[in-house]
Amino acid sequence: MSLGVTFGVTKMSDYEPYIPFSERNGFAETPPQLQLGEVSDEFRRQIHYCVRLEMDECVQKGFDELYFAYHWERVSKDIHVLFFKLPIENYNNNVASFRAGISALLSKGKFEIVFDFVEFLIRHPKISKVTKDELAIVFVQTRSAYRIVGGQIVAIGTGQQGASYEAAIAAADQFGEDAAKSHLVSAGARLRQGDWSGSVRESIHAVEAIVVRIVPKSRTLGDALKKIEQAGHLHKALKTAFSQLYGYTSEEEGVRHALVFEKDAKVDEADALFMLGACASFVSYLITRQIEISED
């Protein structure tokens, strides 16, 4: 049942086992974008620097110690209670001890905990936009396989796949394709979680979200692609290639259907990364063609 599957597009919102990356001291033979599963020393160092700059903006000197003032008194309490899961009675507004705890977390903590902490900060309403932007820049500057998109850390794979992914999200955002954008973000988030089949599913949903807008009366992706091709806006080779990819996702148990979760589904990280890049590129292509097709 390769092309006879009804659309399953759902509307969600936007710029994710947990598969980060790393670059070991800059001497690794493999490009850092492909080294998933760890974070580099340089990444940790720069994240720590950003957090320290943010903290130091609100430090004041007391009688015999430094303490947090202004918005960081609240932020430090939230980190203590909501992130570290400690009782408020144990909170101590002491800058030196707080700095030591954050330093230990960012320099020695497991990568998934480091990412959780970064996400906590970028979602916190009292953290400055400057700091949130600088945290996002660290992912780019350290050539991470991840980016901050819509308040989440999402995997983007290789440099080429990342470029396609970011271009598709930007195009979807520019032309108001919220559903496609949401599915692309979700596909990236599922990569971080290690949900390869879920990522493939969300990638294909992103394409469906665009196609169903272009050819709203089509009941399946195959029918829609055929109509776009007949209108002279899709090369036959492109249509055949993508139809075959769609057929692959339909045939693998646990991939196309959200209610089927087979542990033996033959989908791995490489498949998910490839499908994300391929579907992101196709989304960008269809968005470009959409204006021409709608005028026919």
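Visitor: In which loop does Lys85 lie?
Guide: This is a predicted model. Lys85 has a positive phi of about 60° although it is not a glycine. Its place is the loop between H2 and H3.

Visitor: Is Lys85 buried or exposed?
Guide: The cut-off for exposed is over 50% relative accessible area. Lys85 has 63%, so it counts as exposed.

Visitor: Which residue in the loop between strand S2 (66-68) and H2 has a phi near 55°?
Guide: The value is positive, and the residue is other than glycine. At 59% relative accessibility it counts as exposed. The residue is Tyr70.

Visitor: How far apart in space are Lys77 and Tyr91, C-alpha to C-alpha?
Guide: Lys77 is found in helix H2 (residues 71-83). Leaving aside neighbours within four places in sequence, Lys77 is in contact with Ile88 and Tyr91. Lys77 and Tyr91 are 14 residues apart in sequence, and their C-alpha separation is 6.9 Å.

Visitor: Why does Lys77 count as partly exposed?
Guide: Buried needs under 20% relative accessible area, and exposed needs over 50%. Lys77 falls in between, because its relative accessibility is 30%.

Visitor: Is H1 roughly parallel or roughly antiparallel to H3?
Guide: Helix H1 (residues 41-56) and helix H3 (residues 95-108) pack with their axes 9 Å apart, at an angle of about 160°. Angles over 145 degrees count as roughly antiparallel. So H1 is, relative to H3, roughly antiparallel.

Visitor: Which residues in H3 does H1 meet, and what is the handedness of the crossing?
Guide: From H1 come Arg44, Ile47, His48, Val51, Arg52, Met55 and Asp56. In H3 they meet Phe98, Arg99, Ile102, Ser103, Leu105, Leu106, Ser107 and Lys108. The crossing of H1 past H3 is right-handed.

Visitor: Are H1 and H5 roughly parallel or roughly antiparallel?
Guide: The axes of H1 and helix H5 (residues 129-141) come within 10 Å and cross at roughly 170°. The cut-off is over 145 degrees. The two helices are therefore roughly antiparallel.

Visitor: Which residues in H1 meet H5?
Guide: The H5 side consists of Thr131, Glu134, Leu135, Val138, Phe139 and Gln141. The H1 side consists of Phe43, Gln46, Ile47, Cys50 and Glu54.

Visitor: How many disulfides does the model have?
Guide: A disulfide is a covalent bond between the sulfur atoms of two cysteines. The rule asks for a pair of cysteine sulfur atoms within 2.5 Å. Cys50 is buried at 6% relative accessible area, and Cys279 is buried at 0%. The count of disulfides is 0.

Visitor: What is the C-alpha distance between Ala168 and Val283?
Guide: Ala168 sits in helix H6 (residues 159-174), and it is buried, with a relative accessible area of 0%. Not counting residues up to four places away in sequence, Ala168 touches Leu184, Ala280, Val283 and Ser284. Ala168 and Val283 are 115 residues apart in sequence, yet their C-alpha distance is 6.2 Å.

Visitor: What pLDDT does the protein chain average?
Guide: Of the residues, 70% score at least 70. The chain average is 75.

Visitor: Where is the pLDDT below 50?
Guide: Where pLDDT is low, the predicted coordinates should not be read in detail. One stretch has 122 contacts in the model beyond near neighbours in sequence, and that is residues 1-34. Another has 31 such contacts, and that is residues 251-264.

How values were computed
Residues are numbered from 1 along each chain as its sequence is written. This is a predicted model: local features need pLDDT of at least 70, side-chain atom pairs count only at pLDDT 80 or more; totals for chains, interfaces and linings use all residues. Side-chain values use heavy atoms; hydrogens and water are left out. Buried means under 20% relative accessible area, exposed over 50%, partly exposed in between (1.4 Å probe, protein chains only). pLDDT is the predictor's confidence in each residue, from 0 to 100. Contact means heavy atoms within 4.5 Å. Axes are lines fitted to C-alpha atoms, for helices over the stretch in contact, and angles run from 0 to 180 degrees between N-to-C directions. Helices (H or I, at least four residues) and strands (E, at least two) are DSSP runs, numbered from the N terminus. Angles under 35 degrees count as roughly parallel, over 145 as roughly antiparallel, 65 to 115 as roughly perpendicular and the rest as oblique. A crossing is left-handed if the near helix is turned anticlockwise from the far one by less than a right angle, and right-handed if clockwise.
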